[in-house]
Every structure is written in C-alpha cells, then in structure tokens.
Amino acid sequence: MIRHELARLWHRIGWAWQGWMVCWRTEKSLRQWTIVNAISILLAVVLDLSPAERGLILALGVLVLAAELMNSAIERAVDRISSDLHPLAKQAKDMSSTAVALTAVAGAAAWLVILIG
C-alpha cells in the first residue's frame, strides 16, 4: 500500500516537472514571472520582514506562477480544439490572462502594504 502510494507520488512529481519544463521552454511569460518571483524571494529574505509577511510574499509568488501555468494550459487546450478565431476562445484566453494579472496585483498589493505599513 505505502509502496503504491509512493510510486503514485513519484509519477505526479514527474508529470509536474514535465509540465513545468514544457512551459519553461515555450512560454516567455513563465520565465519572466520566475525572474520577478526570484527577486521577490530575495527581497523577502533580505528585508526585515515578519515570518507572516515573508510567508505571504512567498505564497503569492507561487500563486502567480501557478496562474501562469494554468493560463498556458488553457491557451493550449483552446488552440488544440480549433485554430479558428472564435469569440469564446478569445474570452477564455483573456480570462485566464486576467487570472495571472490579478494574482500579480495581489502580490504587488501585499508588497505595498508591507513596505508602507
């Protein structure tokens, strides 16, 4: 039982890594958000922040990356279904881009509150 669950976990980690690498190779925006996240992590470690503030910044950075991965997945799924321009396809892509933007705004807002407050 435990061996089976560990094997499943190992497979999930492998699939997640494959997804990350495909997105990393093909999506400039993921690479850009990763750089922004690395800078944010460095600042969170260097600046005198509380553990809660540091945790919030780190968690929001991870959420931006997760949103970008989901955005890329939605774009690929839409493109796979049809290469025709369709208003619903555009809306789906725009909405997933908005999700990335909103998570980034949340991260920026947290930094502003922490730095100003």
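Start by selecting Arg25, which you'll find in helix α1, the stretch covering residues 2-26. Keep in mind as you click around that this is a predicted model. Is Arg25 buried or exposed? Its relative accessible area is 55%, and anything over 50% counts as exposed, so Arg25 is exposed. Now add Ala101 to your selection and draw a distance between the two C-alpha atoms: you should get 21 Å, for a pair that sits 76 residues apart in sequence.

Stay in the same helix for the next stop. Glu5 is also found in α1. With a relative accessible area of 37%, Glu5 is partly exposed. Select Ile39 along with Glu5 and check the C-alpha to C-alpha distance: 36 Å in space, for 34 residues in sequence.

**Zoom out**

Switch to a cartoon view of the whole chain. How many helices and strands are there? The count is four helices and zero strands. Trace the chain from the N terminus and the elements run α-α-α-α. The radius of gyration is 17 Å, well over the 13 Å that the globule rule gives for 117 residues, so the chain is more spread out than a compact globule. Turn the C-alpha trace along its principal axes, and it spans about 50 × 45 × 25 Å.

Next, try a surface view. The chain exposes about 8,500 Å², and carbon and sulfur atoms supply 72% of that area. Of the 117 residues, 23% count as buried. If you colour by charge, look for 11 positive and 9 negative side chains; the centres of these two sets lie 9 Å apart. Contacts are worth a look too: among those between residues at least 6 apart in sequence, 69% join residues at least 24 apart.

**Into the core**

Hide the surface and select Ala44, Leu49, Ile57, Leu60, Ala110, Trp111 and Ile114. Together, these seven residues make up the largest nonpolar core. Which elements give two or more residues to this core? They are α3 (51-81) and α4 (87-116). Of the elements, α4 gives the most, with three residues.

Now pick out Ala110 from that group and show its neighbours. Leaving aside residues up to four places away in sequence, Ala110 touches Leu56, Ile57 and Leu60. Two of the names on that list, Ile57 and Leu60, should be familiar, as they belong to the core you just selected.

**Along helices α3 and α4**

Head for Met70, whose place is in helix α3. Met70 is exposed, with a relative accessible area of 52%. Add Val100 to the selection: the C-alpha atoms of Met70 and Val100 are separated by 8.7 Å, while the two residues are 30 apart along the chain.

For the last stop, select Gln91, which is found in helix α4. Gln91 has 39% relative accessibility, so Gln91 counts as partly exposed. How far is the C-alpha atom of Gln91 from that of Val113, and what is the spacing along the chain? The two C-alpha atoms are separated by 32 Å, and the residues are 22 apart along the chain.

Before you close the viewer, put the two distances from this part of the tour side by side. Met70 and Val100 have 30 residues of chain spacing and 8.7 Å between their C-alpha atoms. Gln91 and Val113 have 22 residues of chain spacing and 32 Å between theirs.

Note on methods:
Residues numbered from 1 in each chain as written. Predicted model: local features only at pLDDT ≥ 70, side-chain atom pairs only at ≥ 80, totals over all residues. Heavy atoms only, no water. Core = buried A, V, L, I, M, F, W, Y, C linked by side-chain atoms within 4.5 Å. Buried < 20%, exposed > 50% of the residue type's maximum accessible area, 1.4 Å probe, protein only. Contact = heavy atoms within 4.5 Å. Rg over C-alpha atoms; globule rule 2.2 N^0.38 Å. Areas by Shrake-Rupley, 256 points an atom, 1.4 Å probe, with all protein chains shown as cover. Lys, Arg positive; Asp, Glu negative; His and termini not counted. Charge placed at Lys NZ, Arg CZ, Asp CG, Glu CD.
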